[in-house]
Amino acid sequence: MTPTVTAVATNRGVSLKGVTRVFGTGDAAVHALKGIDLEIGSGELVVVIGPSGSGKTTLCNIIGGIDAATDGTVQVAGEDIEGRNPGTLDTFRRDHVGFIFQFFNLIPTLTARENVEVIVEMTGKGDKAHVPDLLKSVDLGDKMDNFPAQLSGGQQQRVAVARALATDPDILLADEPTGALDLPTGRQILGLLQDLHREGRTVIIVTHNVSVAQIADRVITVVDGKIESSTVNDNPADAADVTW
Amino acid sequence: MRATTHKSIRDLKRQWRQVAAVAVTIMLGVMVYVATAGAYQNLSASYQETYDRLAFADYVATGGVPTDVATAATDAGASDAITRLQVDPPMLIEDTKLLGRVVGMPTDAHPTIDDVDVIDGDYFDDGATDQVLLETHAAETFGIGPGDTLQIFGLDGWVTVTVQGVVDTPEYLWPARSRQDIMSDPHSFAVAYAPEDMAEQWFGEGPNQALALMPADASAADGDAVQKAMRDAGATAITPWEDQASNATLSEDLDGFDEMSKAFPAMFLIAAGVASWVLLARRIIQERPIIGTLMASGARRGRVLRHYLGQGIVIGAIGSVLGVALGMLANRAVTTAYTGFVGVPDTVIHNYPWMIAIGLAFGIVVGILGALGPAVTASRTAPAAAMRTAGSSKPPGAWSRMVARLDWLPVSARMALRDIVRSRKRTFATMLGTVLALVLVLTSSGMMTSIVQAVNLQYTEINLEDATVAAQQGAGVGDALADVDGVSAVEPTTLGQVTIVADADSYATLLHGYEPDTTMHGFRSQDGSFIDLPTDGVLIGQAVIDLLDVGVGDSITLSTDAGDTDVTIAGFLDEPIGTSVYTTNDAAATILPETSAEAFALSFDDGVDRDQMRQTITQLDGVVAYQDTRAIISTIDDYLGLFWAFIGIMILLGAILAFAVMYVTMAVNVVERTGELATLRAAGAPVRKVAGAIAVESLLATILAIPLGLWMGAVAAQQFLNTFNNDLFQLDLMWSWWVLPAAALGVLAAALISQIPAARAVKKVDIATVVRERAA
């Protein structure tokens with residue numbers, strides 16, 4: 001039986017009811033999510049863990065509006081997003097969600113500053129004047145004009161964090177944010193996410209690395225498309241103390 | 001089936017749109033080759049068939065005693081030689097007076113040289129005295145046929161003759177009076193073949209031409225020997241079949257097909273090769289880890305090479321097979337349309353095996369060449385390096401660093417500027433596609449607009465008269481013309497055949513005489529300025545500079561039936577059509593033989609009814625021929641109609657070429673940058689902005705290539721025009737003001753249209769899947 005976690009969904013919260021996601025049809029149909037009920041409170045730092053193919057990334061993508069549920073209702077930051085057309089989903093993501101990916105996905109021909117500015121420019125949200133501050137906040141004040149090829153993996157991921165913050169999102173979705181990083185660098189990134197959580201943002205981290213769960217307010221374990229457990233962590237660890 | 005074959009098929013199917021774009025470009029190249037090379041061969045064969053069947057004369061000589069010249073020709077190796085009379089008398093056909101041509105012919109049998117093909121009615125009755133065979137163009141123009149009558153002006157006045165038959169003739173497949181008169185008012189020229197005895201009687205003179213036919217296996221040296229013998233026997237001017245007015249005019253077009261069959265397909269095939277290269281190179285970058293795995297597993301380099309080469313061959317084979325099939329159909333259509341338009345009696349349609357083989361080979365070779373570079377790269381992949389999926393480890397270049405300083409530009413614009421050098425292959429392909437499309441369009445349209453502008457120049461700034469009139473000497477026609485309502489000016493002119501002789505070279509042309517202060521002709525010098533007609537010396541078309549190796553101030557001889565006159569070259573003229581000699585009426589009168597006719601040039605008031613003018617003037621007593629200059633323009637417009645269609649097709653093909661190449665490069669661009677695009681989309685950037693950023697980059701490459709394309713197009717167009725330049729045409733590249741902007745806008749439009757599929761691809765990007773994968 002899937003446990004249901006109850007929390008008050010505010011405008012930075014997430015509420016999923018009976019969410020399923022099926023890829024393919026007929027004999028080839030893969031049920032990635034099987035009736036997920038999930039509530040994430042505003043300002044929570046949630047770590048979703050699970051083995052490979054468990055559906056955790058699909059869950060993250062549906063919350064972020066880059067994938068659509070086959071069935072069920074999805075409410076994020078106070079907006080119902082199931083069944084929306086791509087145009088309004090763009091607007092939803094612009095207004096509420098910031099993504100951080102495992103492989104950074106920086107544009108190699110743009111400098112660190114430009115990688116952040118381009119999001120402001122393309123979405124029309126945010127302020128280019130604040131971009132240097134964002135980069136300073138992730139400790140890249142002296143690397144703003146460097147190209148991705150001139151940055152280390154950790155620095156690139158910090159640019160990705162700054163990029164995710166460019167539109168001042170309510171919710172940060174980080175899919176394996178430390179997956180391509182070594183331990184010290186991974187810790188730095190987790191520290192950044194923890195800081196953002198402390199500022200009041202909802203942060204959802206998807207990972208297969210159980211150690212990352214140490215920093216969470218709550219750990220949700222997904223197995224075979226279902227939430228197997230939801231465990232509240234009364235004493236989240238500081239990112240600097242996490243090890244793997 | 002082998003697993004690698006399965007992979008190739010699936011790879012090609014997965015990218016079928018891009019594969020189709022490359023294959024279509026190859027197809028068009030092969031199609032244009034087969035169609036134009038085939039049309040060239042078939043039209044040549046069609047003319048040759050007619051020439052052989054109707055024994056088209058190899059040499060036509062004038063001067064001397066024609067029977068002596070003919071005898072000399074056969075003695076020197078000609079297989080046959082005959083004599084005949086040719087005269088250009090006034091004619092009256094269906095109330096229209098014109099300067100026609102009467103050619104003598106035996107009545108008891110067809111002539112053995114320059115025979116005719118009776119297409120309506122019959123050949124002469126043996127011993128006929130009042131019959132003529134009317135050349136088909138005149139019959140069509142005037143709507144007359146067997147049983148109708150026309151009148152010919154002879155020594156004793158008008159002679160009425162009956163049309164016995166309508167004929168095709170190898171001499172007038174293109175109805176040109178002379179090399180200087182290849183475009184004429186169709187109502188001003190008609191060729192009638194008359195019984196030789198009667199023609200001699202009507203005009204009071206005997207044969208004035210000797211025609212020689214060479215054996216089929218005659219060499220150039222044999223021809224030279226016969227010509228020398230004919231000259232030695234007294235011939236002053238010899239026109240070889242190549243220079244005969246009709247054949248020379250048609251050869252111009254044939255040469256055009258020949259040029260097109262080389263240049264135009266090459267553009268498509270180069271574009272296709274580069275597009276194929278970009279496509280396969282991208283695939284190989286994507287498949288580096290797979291190639292690395294295969295090679296780590298022991299796959300041999302040759303096998304990897306063949307695998308990717310095979311894909312290029314398949315694309316080339318698909319394109320070339322379709323291209324050959326369509327080319328064969330187009331070959332038939334072009335040949336049939338052309339021979340029908342010109343009225344060539346024999347239409348030879350043949351798809352030459354060598355041509356098909358070359359077409360197929362072209363496509364496959366392009367496929368191989370396009371795939372060779374990427375395939376070699378693939379086969380040289382170091383397995384360990386290939387399996388390490390390194391990210392963007394390439395440091396930024398000077399250009400990227402410089403663009404970073406342009407912080408006043410939007411980031412998306414800076415991104416586009418940097419991406420120009422990010423994938424040089426892709427940028428090169430986009431630019432090449434733009435350049436080739438512009439070259440194709442400008443070469444085609446440049447030829448067309450230059451011809452139109454040349455015609456305008458010739459008939460609005462050089463030939464200033466509205467009409468010319470030939471009249472009986474002393475009939476007071478000049479005064480009568482001046483009294484006609486609508487005639488604003490009348491000037492006497494002179495016209496006659498001359499042969500320019502300079503040392504050992506000669507050139508047969510027309511001598512025009514005008515009043516010294518004429519308003520009927522503009523004398524355009526080589527620098528484009530207009531000069532006065534000199535009272536001392538003659539002006540000549542500039543083509544003779546090379547033909548006769550002469551210069552200003554040189555003395556030349558003008559040879560006519562009246563004898564030889566030495567004159568000085570006072571200057572050369574730059575006239576687009578024809579190469580004539582100009583002097584004053586007074587000087588012309590001393591050079592040309594006395595005739596019973598006089599000529600006038602007329603200009604009309606604005607807005608006159610030209611049909612009414614023709615009717616009124618040709619009714620005047622003493623008027624024997626009338627030629628409306630505007631009707632010439634109309635004839636040229638008709639002639640150009642076929643070519644406008646050709647230009648339209650070429651512009652369409654140019655647009656397809658530009659679209660196909662840009663579509664492939666755009667598609668590759670989207671594939672290369674899927675990770676970036678998905679990231680932008682995940683951040684909430686709308687599709688239109690993301691697609692717009694990609695489009696800006698592609699359009700930037702197109703815009704950068706446009707100046708180069710315009711320049712290369714201009715150079716190619718001039719080169720193409722130069723292949724037509726001779727004594728018949730002197731064409732300079734002239735474009736209307738709108739041509740270059742229109743060509744540039746057309747290519748930009750093709751580039752814009754090619755963004756539509758790319759925008760769709762951006763919309764379809766599976767953001768969720770892509771953002772989890774490392775961007776390649």
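Chain B is built from 23 helices and 24 strands, where helices (H or I, at least four residues) and strands (E, at least two) are DSSP runs numbered from the N terminus. This is a predicted model, in which local features need pLDDT of at least 70, side-chain atom pairs count only at pLDDT 80 or more, and totals for chains, interfaces and linings use all residues. Residues are numbered from 1 along each chain as its sequence is written, while chains are lettered from A and ligands numbered from 1 in the order in which they are written.

**The two chains**

Chain A has six helices and 10 strands. The table sets out some values for each chain. A residue is buried if 20 or more other C-beta atoms lie within 10 Å of its own, exposed if 12 or fewer, and partly exposed in between, with C-beta atoms placed from the backbone. Two residues are in contact if their C-beta atoms, placed from the backbone, lie within 7 Å.

| Chain | C-alpha box along the principal axes | Buried residues | Contacts between residues 24 or more positions apart, among those with a separation of 6 or more |
|---|---|---|---|
| Chain A | roughly 50 × 40 × 35 Å | 54% of 244 residues | 69% |
| Chain B | roughly 100 × 55 × 50 Å | 52% of 776 residues | 85% |

For chain A, the radius of gyration is 17 Å, which agrees with the value near 18 Å for a compact globule of 244 residues. That radius is taken over C-alpha atoms, and the globule rule is 2.2 Å times the number of residues to the power 0.38.

**Where the chains touch**

The contact draws 34 residues from chain A and 33 residues from chain B. On the chain B side, the elements giving two or more residues are helices H12 (398-404), H13 (411-422), H20 (674-682), H21 (687-722) and H23 (767-772). H13(B) gives the most, with seven residues. By class, this side of chain B has 16 nonpolar, seven polar and 10 charged residues. Here Ala, Val, Leu, Ile, Met, Phe, Trp, Tyr, Cys and Pro count as nonpolar, Asp, Glu, Lys and Arg as charged, and the others, Gly among them, as polar.

**A helix pair in chain A**

Helix H3 (residues 112-123) and helix H5 (residues 153-165) of chain A pack at an angle of about 25°, with their axes 8 Å apart. Axes are lines fitted to C-alpha atoms, for helices over the stretch in contact, and angles run from 0 to 180 degrees between N-to-C directions. H3(A) and H5(A) are therefore roughly parallel, a term for angles under 35 degrees. From H3(A), the contact uses Ala112(A), Asn115(A), Val116(A) and Ile119(A), and from H5(A) it uses Val159(A), Ala162(A) and Arg163(A). Five of these residues are nonpolar, one is polar and one is charged.

**Three residues to look at in chain B**

Gln227(B) lies in helix H6 (residues 220-232) of chain B. Gln227(B) counts as buried because 20 C-beta neighbours lie inside 10 Å. Leaving aside neighbours within four places in sequence, Gln227(B) is in contact with Tyr59(B) and Ile238(B). The C-alpha atoms of Gln227(B) and Ala61(B) are separated by 8.8 Å, although these residues are 166 residues apart along the chain.

Most residues other than glycine have a negative phi. Ala55(B), though not a glycine, has a positive phi of about 50°. Ala55(B) sits in the loop between helix H2 (16-53) and strand S1 (59-62) of chain B, and is partly exposed, with 19 other C-beta atoms within 10 Å. Asp549(B) has a positive phi of about 55° and is not a glycine. Asp549(B) is found in the loop between helix H16 (543-548) and strand S20 (555-560) of chain B, and counts as exposed, with 12 C-beta neighbours inside 10 Å.

Technical notes. Parallel < 35°, antiparallel > 145°, perpendicular 65-115°, else oblique.
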